[in-house]
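Below is a briefing on one protein chain, grouped by topic for reading beside the coordinates.

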Amino acid sequence: MDKYDIEGVKTFEFTKIIGLENIEFGKNIIIDDFTLIYASGKIKIGNYVHIACFASITGGAELILEDFVAISQGCRILTGTDDFIDGGFGNSTIDEKYRNTKREPVKICKFCIIGANSVILPGVTVGEGATVGANSVVTKDLKPWGVYIGNKRIKERNKDEVLKNYHRFLGRIR
């Protein structure tokens with residue numbers, strides 16, 4: 001079953017997309033069951049992107065997922081959140097003027113993998129080829145081609161081999 005009948009996008013019975021008109025879709029995208037996308041802001045999803053089950057995307061600011069991105073099971077991508085440190089006391093039921101909301105774009109660049117149950121907070125850019133380990137909370141930009149646990153870079157990803165494999169892939173689809 002393809003619930004939303006979007007060209008180049010595979011969805012399922014329990015995929016939930018709110019604000020479909022705010023999303024620009026590439027091709028060869030899979031959005032699994034039990035995934036929630038609440039697009040009150042602009043979202044762009046590139047080609048060959050997989051958003052796994054139980055992931056959610058919310059917040060109201062812009063999100064860009066470039067080509068060949070994998071969002072693993074249970075991930076949360078937040079383009080907006082409430083900051084309770086500096087005087088905000090409310091939540092979505094309270095008028096915006098009493099809240100201290102932070103809404104900032106998030107960008108996840110080409111070839112990135114976000115590990116299961118990770119959280120990407122507003123204003124973050126995950127650089128090309130970076131991978132984020134499971135259960136991470138990412139609060140700041142991640143530089144390209146690193147392997148990260150949270151915000152800590154623990155090693156390098158093999159950029160040359162990834163790109164070599166990518167070029168082999170391109171030859172296959174021509």
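Y48 is partly exposed at 30% relative accessibility, where buried means under 20% relative accessible area, exposed over 50% and partly exposed in between, with a 1.4 Å probe and protein chains only. The model is predicted, so local features need pLDDT of at least 70 and side-chain atom pairs count only at pLDDT 80 or more, while totals for chains, interfaces and linings use all residues. Residues are numbered from 1 along each chain as its sequence is written, and side-chain values use heavy atoms, with hydrogens and water left out.

**Y48 and F54: backbone and location**

- Y48 sits in the loop between β6 (43-45) and β7; strands (E, at least two residues) and helices (H or I, at least four) are DSSP runs, numbered from the N terminus.
- The phi angle of Y48 is near 55 degrees, which is positive although the residue is not glycine.
- F54 is in the loop between β7 and β8, and its phi is near 65 degrees, again a positive value in a residue other than glycine.

**Aromatic pairs**

- The model has 10 aromatic pairs, meaning rings of Phe, Tyr and Trp (its six-membered ring) with centres within 6.5 Å; planes under 30 degrees apart are stacked, over 60 edge-to-face and the rest tilted.
- F34 and F54 make a stacked pair, with 5.2 Å centre to centre and 5 degrees between the planes.
- F34 lies in the loop between β4 (29-31) and β5 (36-38), and F54 in the loop between β7 (50-51) and β8 (56-58), so this pair ties together parts 20 residues apart in sequence.
- Both members of that pair are partly exposed: F34 at 43% relative accessibility and F54 at 46%.
- F111 and W145 have ring centres 6.0 Å apart and planes at 35 degrees, so they count as tilted.
- The F111 and W145 pair links distant parts of the chain, with F111 in the loop between β14 (106-108) and β15 (113-114) and W145 in the loop between β19 (137-138) and β20 (146-149), 34 residues apart.
- F111 and W145 are buried.
- One aromatic cluster is formed by Y48, F68, F111, W145, Y166 and F169.

**Strand residue H50**

- H50 belongs to strand β7 and is partly exposed, at 29% relative accessibility.
- Leaving aside neighbours within four places in sequence, H50 is in contact (heavy atoms within 4.5 Å) with I30, D32, V69, A70 and I71.
- The C-alpha atoms of H50 and I29 are separated by 5.8 Å, with their positions 21 residues apart along the chain.

**Largest pocket and D82**

- The largest pocket has a volume of about 160 Å³.
- On a 1 Å grid over the protein atoms alone, a pocket is an open set of points with protein on both sides within 12 Å along at least five of seven lines, whereas a cavity is a set where a 1.4 Å probe fits but cannot get out; lining residues have an atom within 4 Å of a point.
- Grid points are joined across faces, edges and corners, and a volume is the space filled by probe spheres set on the points.
- T58, G59, G80, T81, D82, S92, R99, T101 and R103 line the largest pocket.
- Two elements, β12 (80-82) and β13 (101-103), give two or more residues to this lining, and the largest share, 3 residues, comes from β12.
- The pocket lining has no nonpolar, 6 polar and 3 charged residues; Ala, Val, Leu, Ile, Met, Phe, Trp, Tyr, Cys and Pro count as nonpolar, Asp, Glu, Lys and Arg as charged, and the others, Gly among them, as polar.
- D82, in strand β12, is buried with a relative accessible area of 19%.
- Beyond neighbours within four places in sequence, D82 is in contact with G90, N91, R99, N100 and T101.

**Cavity**

- There is 1 cavity of 30 Å³ or more, and the largest cavity has a volume of about 40 Å³.
- Residues lining the largest cavity include Y38, I43, I57, T58, G59, L63 and T79.
- The cavity lining has 6 nonpolar, 6 polar and no charged residues.

**Whole chain**

- The secondary structure comes to 1 helix and 21 strands.
- The C-alpha trace spans about 55 × 40 × 20 Å along its principal axes.
- Buried residues make up 42% of the 174 residues.
- Of contacts between residues at least 6 apart in sequence, 19% join residues at least 24 apart.
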